Amino acid sequence: MIDAPRPARSPDFTIAMVVPLQGTAGLFGPSCEAMTDLVVHDLNEAGGILGREVKALLVDGGDDPGRVSEQVHSLVSAGRVDAVTGWHISSVRHALAPVTADRVPYVYPALYEGGETRGGVYCGGETPRLQIEPALRWIREHLGVRRWFVVGDDYVWPRRSSLAVGAYARELDLDIVGEAFVDLGNHQINQVITQISRTDCDGVLMLLVGQDAVAFNRRFAKAGLDQRLVRFTPFMDENMVLASGAAATGNLFVSASYFRSLVGANSMDLTSRYYALHGPGAPPISTVSESCYEGGLLLASLIERAGSVSAADIDAAVDGTAYEGPRGTVEFRDRRAHQAVHLAAADGLDLEIVTTLKTSR
């Protein structure tokens, strides 16, 4: 079916902000909505995008990926949105990319499995080579952990990240002694806890999303495994730590490019402006919600550099794009975002940075 011509351009620049409002990732929704308000405010304070006032239209990225893509397709076809961004899982990204192709720019700021090369899709999040490999190396060198059990949700990001972990294990002389995947949102955790307890692992690598990770943390601690095993994950935001509870986050390490505890002029300014806009009762700032802010910044930077919203023009301009945001400097080389990645340890109900990781390549 051939799409009808898009209606005349609106004087506003409207971004479809795809964030989870339900499901296992639904606990991120309030923080993502609040951060969306801030990035829209800040972009407009800076003059908008190509001189047009920025507005956001929320799309529930926690719905079935097919239904999310249908909704975005309808919005793009009706001329109601000029670009797409927001935090959502990779299976939603794979559903959205064909819908946005050659029509509107699509910025994906969440951590992901890497390997995205489609034109018009611009990934600003962390990848396993930058986020997982150096963390495994640091944990081996400082905590002596060499035998890992991998547990993940059963979809593209955990599956492909697990393949990468296997390669890193060979490089770092580590052993993967077990692996288990669970249905997204179904919390099939008890049998996995039993599997882990029967292995000789000294570390558990978690590739779980939202409430699945929360359920795992609670049952892991209830089984007493937190006392003798290290947990590491590239995905655990401050909302997930709060939901897990302080008693369930012992010996838990997390890697990411942003944490609420990050000390720096840009990150501290984000916190100040966020609470100035929303007040002290605002949803917590988190690693996930900051990605929504990052998505807006990256989108504006790419469009301003290209001087156009055309995917072809942005594709030609993406390498060399650099900007300063809450994470610090983000720079694109070979279509990949390069940025600092930090390792944090759970400390009660927060995540405190231990070190900035060094990548091997």
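**Exercise 1.** State which residue follows helix H5 and what sign its phi has.

*Solution.* Step 1: H5 spans residues 133-143. Helices here are DSSP runs of H or I with at least four residues, strands are runs of E with at least two, and both are numbered from the N terminus. Step 2: after H5 comes Gly 144, with a positive phi near 75°.

The model is predicted, so local features need pLDDT of at least 70 and side-chain atom pairs count only at pLDDT 80 or more, while totals for chains, interfaces and linings use all residues. Residues are numbered from 1 along each chain as its sequence is written, and side-chain values use heavy atoms, with hydrogens and water left out.

**Exercise 2.** Decide whether H5 is largely enclosed or not, and list its buried residues.

*Solution.* Step 1: a residue is buried under 20% relative accessible area, exposed over 50% and partly exposed in between, with a 1.4 Å probe and protein chains only. Step 2: the buried residues of H5 are Glu 133, Pro 134, Ala 135, Leu 136, Arg 137, Trp 138, Ile 139 and Arg 140. Step 3: that is eight of the eleven residues, so the rest of the structure largely encloses H5.

**Exercise 3.** Describe the sheet of seven strands: its order, its edges and its twist.

*Solution.* Step 1: strands pair if DSSP finds at least two bridges between them. Step 2: the sheet is open, its order is S7-S6-S8-S9-S10-S14-S15, and its pairing is mixed. Step 3: S7 (175-182) and S15 (350-356) are the edge strands, each pairing on one side only. Step 4: from one strand to the next, the twist averages 25°. Angles run from 0 to 180 degrees between N-to-C directions, with axes as lines fitted to C-alpha atoms, for helices over the stretch in contact.

**Exercise 4.** Work out how S9 (residues 230-233) is paired and what covers it.

*Solution.* Step 1: S9 runs parallel to S10 (residues 252-256), joined by three bridges, with Phe 232 opposite Phe 253. Step 2: S8 also runs parallel to S9, again through three bridges; here Leu 205 has Phe 232 as its bridge partner. Step 3: Val 230 and Phe 232 on one side, and Arg 231 and Thr 233 on the other, are all buried, and both faces of S9 are covered. Step 4: H5 lies across S6, S8, S9, S10, S14 and S15, at about 160° to S9. Helix H8 (residues 210-222) packs on the sheet as well, touching S6, S8, S9 and S10, at about 160° to S8.

**Exercise 5.** Place Leu 136 in the largest nonpolar core.

*Solution.* Step 1: a nonpolar core is a set of buried Ala, Val, Leu, Ile, Met, Phe, Trp, Tyr and Cys residues joined through side-chain atoms within 4.5 Å. Step 2: the largest one has 123 residues, and Leu 136 is among those with the most contacts inside it, together with Trp 87, Phe 216 and Phe 232. Helix H11 (residues 287-306) gives the largest share of this core, nine residues. Step 3: a contact means heavy atoms within 4.5 Å. Beyond neighbours within four places in sequence, Leu 136 contacts Trp 148, Val 165, Tyr 168, Leu 172, Leu 174, Leu 205 and Phe 232.

**Exercise 6.** Describe the sheet of three strands and the two faces of S11 (residues 322-325).

*Solution.* Step 1: the order is S11-S12-S13, in an open sheet with antiparallel pairing. S11 and S13 (336-338) are the edges with a single partner strand each, so one side of each has no neighbour in the sheet. Step 2: S11 and S12 (residues 328-333) share four bridges, and a hairpin joins the two strands through two residues. Step 3: Ala 322 stands opposite Glu 331, and Gly 325 has Gly 328 as its bridge partner. H11 packs on the sheet, touching S11 and S12, and makes about 150° with S11. Step 4: the side chains of S11 alternate; Tyr 323 and Gly 325 point to one face and are buried, whereas Ala 322 and Glu 324 point to the other and are not.

**Exercise 7.** Find what Leu 130 touches and whether Leu 130 is buried or exposed.

*Solution.* Step 1: Leu 130 sits in helix H4 (residues 128-131). Step 2: the relative accessible area of Leu 130 is 12%, so this residue is buried. Step 3: not counting residues up to four places away in sequence, Leu 130 touches Ala 337, Val 341 and Thr 359.
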